[in-house]
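Let us walk through this model together, from the overall fold down to single side chains. Please keep the sequence and the 3D view open as you read.

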Amino acid sequence: MSDAAQPTAAEVRAAAEAVKTALDRHLAAVERRSGEDDPAVYEAFNQLAAAAEAYDELLYDRYDEVTPFEIPGAEDTPPYTGPEEPAALSVLIRRDYAVVEPQRLRAHAQRIEAADEENPEVSGTVHGALGLLFGEFEPDEIASRHKEFGLEEGDSTLWVTASDAPAEPGEWLEAPFEQADPQQVVCRFDVSAVFDDEGDLDDEDLEDELDPSLDEDEDLEPLDADR
């Protein structure tokens, strides 16, 4: 990049201030969140991601320096090519769970059966208990109470896609996710343990982080209790 095309120091400083403002807005949105899928939090997240990315680029162009910021999945998301003013939208959600306490799950299903005489006696099996559970509670409630039901959260993803017109009734029910066009995704939010694991250091990494000047075989001076 030529010197003429480089951003000015003032532009880099302005981008840094934008990141600080976006951080404050994101924290305020989180503090006021109304639920797990609060759109205000998602919007603040997107603004923070955009501000951090802009600052990172300007910082590199001006000073050949980078930041530790990384937005999971941002590089894999294709550019949006959907309608500028969508007339309809679809929200695609997938949440994975592990059944870690089947006895607890079946116990909840049995209580549902006992409260409704029309329920068939299917709570004795895990798949039958799951059918009763998801028939009784909304998915968002199950997500917030999953431990109570003997479940453990896995990965989850939420896509908001835009379109020019609503889908015809029933046309996508047999294959709800097959028609999702990645280039019509307005926003996407992924939650996965892999993002948490990336920041963890294993034993070998921790050894590398230690001061190499300290030899584990070297005798250490004893502490003076009077000091």
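A residue is called buried when its relative accessible area is under 20%, exposed when it is over 50%, and partly exposed in between, with a 1.4 Å probe and protein chains only. The model is a predicted one, in which local features need pLDDT of at least 70, side-chain atom pairs count only at pLDDT 80 or more, and totals for chains, interfaces and linings use all residues. Residues are numbered from 1 along each chain as its sequence is written, and side-chain values use heavy atoms, with hydrogens and water left out.

Let us begin with the whole chain. There are seven helices and three strands; these are DSSP runs numbered from the N terminus, with helices being H or I of at least four residues and strands being E of at least two. Following the sequence, you will meet them in the pattern α-α-β-α-α-α-β-β-α-α. The chain has 227 residues, of which 21% count as buried. Its accessible surface amounts to about 17000 Å², and carbon and sulfur atoms contribute 50% of that; such areas come from the Shrake-Rupley method with a 1.4 Å probe, and for residues only the protein chains shown count as cover. As for contacts, meaning heavy atoms within 4.5 Å, take those between residues at least 6 apart in sequence: 69% of them join residues at least 24 apart.

Now look at the loop between helix H2 (39-63) and strand E1 (88-99), where you will find Asp 64. Its phi is positive, about 55°, although Asp 64 is not a glycine. Is Asp 64 buried or exposed? With a relative accessible area of 55%, Asp 64 is exposed.

Strand E1 is a good place to go next. Val 91 is found in this strand and, at 47% relative accessibility, counts as partly exposed. Together with Leu 89 and Ile 93, Val 91 forms a nonpolar surface patch with about 270 Å² of accessible area in total. Patches are built from residues with over 30% relative accessible area and no salt bridge, joining like charges within 9 Å and nonpolar side chains (Val, Leu, Ile, Met, Phe, Trp, Tyr) within 5 Å.

Leu 89 also leads us to Thr 161, a residue of strand E2 (residues 151-163). Thr 161 is buried, at a relative accessible area of 10%. Which residues does Thr 161 contact, leaving aside its neighbours within four places in sequence? They are Ala 88, Leu 89, Ser 90, Leu 92, Gln 184, Val 185 and Val 186.

Charged pairs come next. The whole structure holds seven salt bridges, each being a side-chain nitrogen of Lys or Arg within 4 Å of a carboxyl oxygen of Asp or Glu. One of them joins Asp 140 and Arg 95, at 2.8 Å from N to O. Asp 140 belongs to helix H5 (residues 139-144) and Arg 95 to strand E1, so this pair ties together parts that are 45 residues apart in sequence. Asp 140 is partly exposed, at 44% relative accessible area.

A salt bridge within one helix links Glu 17 and Lys 20, at 3.2 Å from N to O. Both residues lie in helix H1 (residues 9-31), three residues apart, about one turn of the helix. Glu 17 is partly exposed at 36%, and Lys 20 is partly exposed at 42%. Elsewhere, Glu 141, Arg 145 and Glu 148 are linked in a salt-bridge network. Arg 145 also lies over the face of Phe 137, 5.0 Å from the ring centre; a charge counts as over a ring if NZ of Lys or CZ of Arg is within 6 Å of the centre and within 35 degrees of the ring normal.

Finally, turn to the aromatic rings. How many aromatic pairs does a search of the whole structure find? There are three, where rings of Phe, Tyr and Trp (its six-membered ring) pair if their centres lie within 6.5 Å, and planes under 30 degrees apart count as stacked, over 60 as edge-to-face and the rest as tilted. Phe 45 and Phe 189 have ring centres 6.2 Å apart and planes at 70°, so their pair is edge-to-face. Phe 45 lies in helix H2 and Phe 189 in strand E3 (residues 185-191), so the pair ties together parts that are 144 residues apart in sequence. Phe 45 is partly exposed at 34%, whereas Phe 189 is buried at 10%. Ring pairs link these two residues and Tyr 42 into a cluster.
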